[in-house]
Amino acid sequence: MEQQIEALLCGRQFKQFQESRVARIKEKYGLRRVDIEILYYLSQYKGHNTSRDIQHIMGLTKGHISQSVDRMQKMRLISFIPDKTDRRYVHFETTAEADAVVKEITKAWSEMTEAVFEGITEEEKKVLLTVAGKIRNNLERMTRER
């Protein structure tokens, strides 16, 4: 596999870049990277807010999700809402206390996206999204087949 593609798929450089951009937020609010990722996810995907949704979309383990949401509930950044039709499910929602944090996270994410896509045309972004979607589908299929 070509080095550039492997680096993109592994994401180590992006994680390091991301870590440097959210370090101040982590320190300011006493959060961990996983907390920040989950808060951002919940702010963007309002209808997909169960532990299972987070696990599927973000690829986090049940343990990481459980520890993070428990920690953030104690910090009053998220609330737990029982599902109205299925007692086995709990929905997570950000609270008013989380608004300032989410705003900072969203700003950091926007700045990161802008920096990463610097010099890339809209057409190139569309191609990348198409290819990335196909790669993700292939990976999901191969994982299921295993």
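The paragraphs below go through selected side chains of this predicted model, beginning with helix α3 and ending at a patch on the surface.

Helix α3 spans residues 33-44, and S43 has its place there. With a relative accessible area of 15%, S43 lies under the 20% limit and therefore counts as buried. The side chain of S43 reaches back to the backbone oxygen of Y40 at a distance of 2.7 Å, and, when residues up to four places away in sequence are left out, S43 touches V102 and T106.

The aromatic side chains give a further view of this region. There are four aromatic pairs by the ring-centre rule, and one of them joins Y40 and W109, whose ring centres are 4.8 Å apart and whose planes meet at 20 degrees, so that the pair is stacked. This pair links distant parts of the chain, since Y40 belongs to helix α3 while W109 sits in helix α6 (residues 99-116), 69 residues apart. Y40 is partly exposed at a relative accessible area of 21%, whereas W109, at 14%, is buried. Y41 and Y45 form another stacked aromatic pair, with 4.8 Å from centre to centre and 25 degrees between the planes; here Y41 is buried at 3% relative accessibility, while Y45 is partly exposed at 41%.

On the surface, V127, V131, I135, L139 and M142 make up a nonpolar patch, and together they have about 400 Å² of accessible area. Among these residues, V131 lies in helix α7, which covers residues 122-145, and its relative accessibility of 40% places V131 in the partly exposed class.

How values were computed
Residues are numbered from 1 along each chain as its sequence is written. This is a predicted model: local features need pLDDT of at least 70, side-chain atom pairs count only at pLDDT 80 or more; totals for chains, interfaces and linings use all residues. Side-chain values use heavy atoms; hydrogens and water are left out. Helices (H or I, at least four residues) and strands (E, at least two) are DSSP runs, numbered from the N terminus. Buried means under 20% relative accessible area, exposed over 50%, partly exposed in between (1.4 Å probe, protein chains only). A polar contact is a pair of N or O atoms within 3.5 Å; within protein, one must be able to donate a hydrogen and the other to accept it, and residues adjacent in sequence count only if both atoms are side-chain atoms. Contact means heavy atoms within 4.5 Å. Patches are made of residues with over 30% relative accessible area and no salt bridge: like charges are joined within 9 Å, nonpolar side chains (Val, Leu, Ile, Met, Phe, Trp, Tyr) within 5 Å. Accessible areas come from the Shrake-Rupley method with a 1.4 Å probe; for residues, only the protein chains shown count as cover. A salt bridge is a side-chain nitrogen of Lys or Arg within 4 Å of a carboxyl oxygen of Asp or Glu. Rings of Phe, Tyr and Trp (its six-membered ring) pair if their centres lie within 6.5 Å; planes under 30 degrees apart count as stacked, over 60 as edge-to-face and the rest as tilted.
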